[in-house]
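Colleague: I should like to learn how to read a protein model feature by feature. Would you kindly guide me through one?

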Amino acid sequence: MSGRRQKNQKQLAFWFAGASEACFDGQEGTGTPVAGREAESPAENQRVMEEVCERENLIEALKRVRANDGGPGVDGMTVDQLPGYLKGHWPAIREQLMRGTYEPMPVKRVEIEKQEGGMRKLGVPTVLDRCIQQAVQQVLQQKWDPTFSDSSYGFRPGRSQQEAVAQAQKYVAEGYGWCVDLDLEKFFDRVNHDKLMGQIAKRVQDKRLLKLIRAILNAGVMENGLEIPSEEGTPQGGPLSPLLSNLVLDELDRELAARGHRFVRYADDCNIYVRSERAGQRVMASVKRFIASQLKLKVNEAKSAVAKPQERKFLGFSFYTGKKGPKRRIAPKALEKFKERIREITLGSRGRSMKQTIEELSRYVRGWVAYFGFCETPWVLEDLDSWIRRRIRCAFWQQWKTSRKRYAELVKRGVKPEMAKNMAGSNQGPWHLSLSQAMSFALPNAELASLGLFSLAAGRKLN
C-alpha cells in the first residue's frame, strides 16, 4: 500500500471517529448486527435510516466506493475528492437524510459495449450519491438477502456465477434435459417504480428511507446536457440497483418455486429446467404471462427459447454430453470474444515493445481463466494456449519488419543460417510463417513463458 493511500485512510478514519463524532452521538445503540435475523420488529423497520447513518456503516460504504473507484457524476467530483467534501458537509447531509429531505442529483448517462455486441446504457450517480446508496445497500442487503431464493445467485454475497452454472449442470444431470431460457428485455430500464416501491414498503416502514429510495429512482438522467426524467427503471451503475433488481425478481422466484420448477437465476438471466420440449413450451407460455401481468416486464423473444441446454449458453458456459453425464464447456460466443480481444492486443503490438504486449495479454488471460477455468474441457485451453503462442510469434515477426532484421534475429536465436535465410526471404504472410519450425525454434514455449506469457492451462490448475 502506498504512503499516500495509508495517509488518506488514516485521515478518513480520524474524520469519522473524531472530527465528526458529534454527528453520531446517541447512535451507539444502533450497532447491533442485523445479519441472520429471522424477523424484524416494526420499531426496527421504522428506524432503518439510523442504521444507514451509523458511523461504522458509513466508513464501510466510503471504503467500498473508494475501492470501486469509477468516474465522476454530473457534478464532476472524483472519488478522491469525496472525503474532503464530506468532512466539511456531512453534518448537513446527515440532517437531510434523517429528516427525509435529501435530494440526489441526476445520474450521468454512460454507454459501454456489451459482450454480445451492442451498447449498454449506465447511469452513473455522483460519488456522494454512490456513497449514500452504498450505505443503504449494506443495511438492506443484510436484512433482505436471507429471504431471497436459494435459486437466485446474482449480486448476492457468498454466491457466484460458477455456482449458478454448477447448479444448472446438476439439474441437467438429474434428467431435466430441456431448458426454458428466459431473458428479460431491457430489464433495468423497465422496472415499474410504483410496483417496486410497493415491494419495498412491505419490508421497510421507515418513511424517510422510502422517500430517499423514491428520490433515487426519480433522480433523472443527464444526457448530452439535457436532464431526462426517470419514469421507470433502476439505472445500472449505482450500488443500490442490483439489490433492487433482486427484490423485483424475488416475486418471480417465489412463483417458480411455488410451481415446483427447477430453475437458476442470475440477475435477469433465468433458466428453468424441465423433462420435455412440450413441458418447456407450456412453461415458457405461462411464465411469460406471469412476467407481463404481475411484474409489468417483457420477455426478450429474440434471446429466449426452449431448447436443449447444450444448444444454449448460460453465463458464458454451455454443456456437452460426456461419458459420465453433462460437462461444462465454454460457450462458442465466449471463445470468439476471447480470441477477438487477443487479436486486438497482439495487433496493437506495433509501436510498442513485445514485453508490454505480453504483459497486457497476460493480465487479460489471467482474469479470463479465473472465470472460465471452471470449464471441464482442459484441451480447449491447451489449444488456446497454442493459438496465443502463435499470435505472439506472429507479432514478433511483424516487429522485426525487414528481411535483414528477421535473418539476424533468427540466427541470434539459434536458427541455422540457411533456414534463417529462406525464412527471411519468404513471401508467405506472417501468420503462415508463425507456424514454421524456425519460429518455434527461435521462440520456444519456454522462452515465451520466461517473457511472462501466462498459460491458460496452468491458470486453470490454480483455480
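Modeller: Certainly; please keep in mind that this is a predicted model. Let us begin with a helix that meets a sheet. Helix α11, which spans residues 241-258, lies across β6 and β7. The direction of α11 makes an angle of about 170 degrees with that of β6.

Colleague: Which other helix lies across β6 and β7, and at what angle does it run to β6?

Modeller: That helix is α7, residues 161-173, and it runs at about 160 degrees to β6. Angles over 145 degrees count as roughly antiparallel.

Colleague: In what order do the strands of the sheet stand, and how are they paired?

Modeller: To read a sheet, one follows the strands from one side to the other. Here four strands form an open sheet in the order β6-β7-β3-β8, and the pairing is antiparallel. The edges are taken by β6 (262-266) and β8 (305-307); each has a single partner strand, so one side of each is left without a neighbour in the sheet. On average, neighbouring strands of this sheet are turned by 15 degrees against each other, direction ignored.

Colleague: How many bridges join β3 to β7?

Modeller: There are six bridges between β3 (residues 178-183) and β7 (residues 269-274), and the two strands run antiparallel. One may also look at individual positions: C179 stands opposite Y273 in β7.

Colleague: How should I describe two helices that pack together, such as α15 and α16?

Modeller: One states the angle and the distance between the axes, and then the residues that meet. Helix α15 (residues 378-400) packs against helix α16 (residues 403-412) at an angle of about 130 degrees, and their axes are 8 Å apart. That angle makes α15 oblique to α16. From α15, the residues W397, Q398 and W400 meet K405, R406, E409 and L410 of α16. The residues of this contact comprise three nonpolar, one polar and three charged.

Colleague: How many cavities of 30 Å³ or more does the structure hold, and what lines the largest cavity?

Modeller: For a cavity, one reads the volume and then the lining. The structure holds six cavities of 30 Å³ or more, and the largest contains about 160 Å³ of space. Its lining consists of 18 residues, and V107, P125, Q133, I216 and P235 lie nearest the centre. Helices α6 (127-144), α10 (207-217) and α11 each supply at least two residues of that lining. By character, the lining of the largest cavity divides into ten nonpolar, seven polar and one charged residue.

Colleague: Thus α11 appears twice in our reading: it lies across β6 and β7, and it supplies residues to the lining of the largest cavity.

Key
Residues numbered from 1 in each chain as written. Predicted model: local features only at pLDDT ≥ 70, side-chain atom pairs only at ≥ 80, totals over all residues. Heavy atoms only, no water. Pairing = 2+ DSSP bridges. Axes fitted to C-alpha atoms, helices over the stretch in contact; angles between N-to-C directions. Contact = heavy atoms within 4.5 Å. Parallel < 35°, antiparallel > 145°, perpendicular 65-115°, else oblique. Nonpolar A, V, L, I, M, F, W, Y, C, P; charged D, E, K, R; others polar. 1 Å grid on protein atoms, 1.4 Å probe; cavity = no way out; pocket = protein on both sides within 12 Å on 5 of 7 lines; lining within 4 Å. Points joined across faces, edges and corners; volume = space filled by probe spheres on them.
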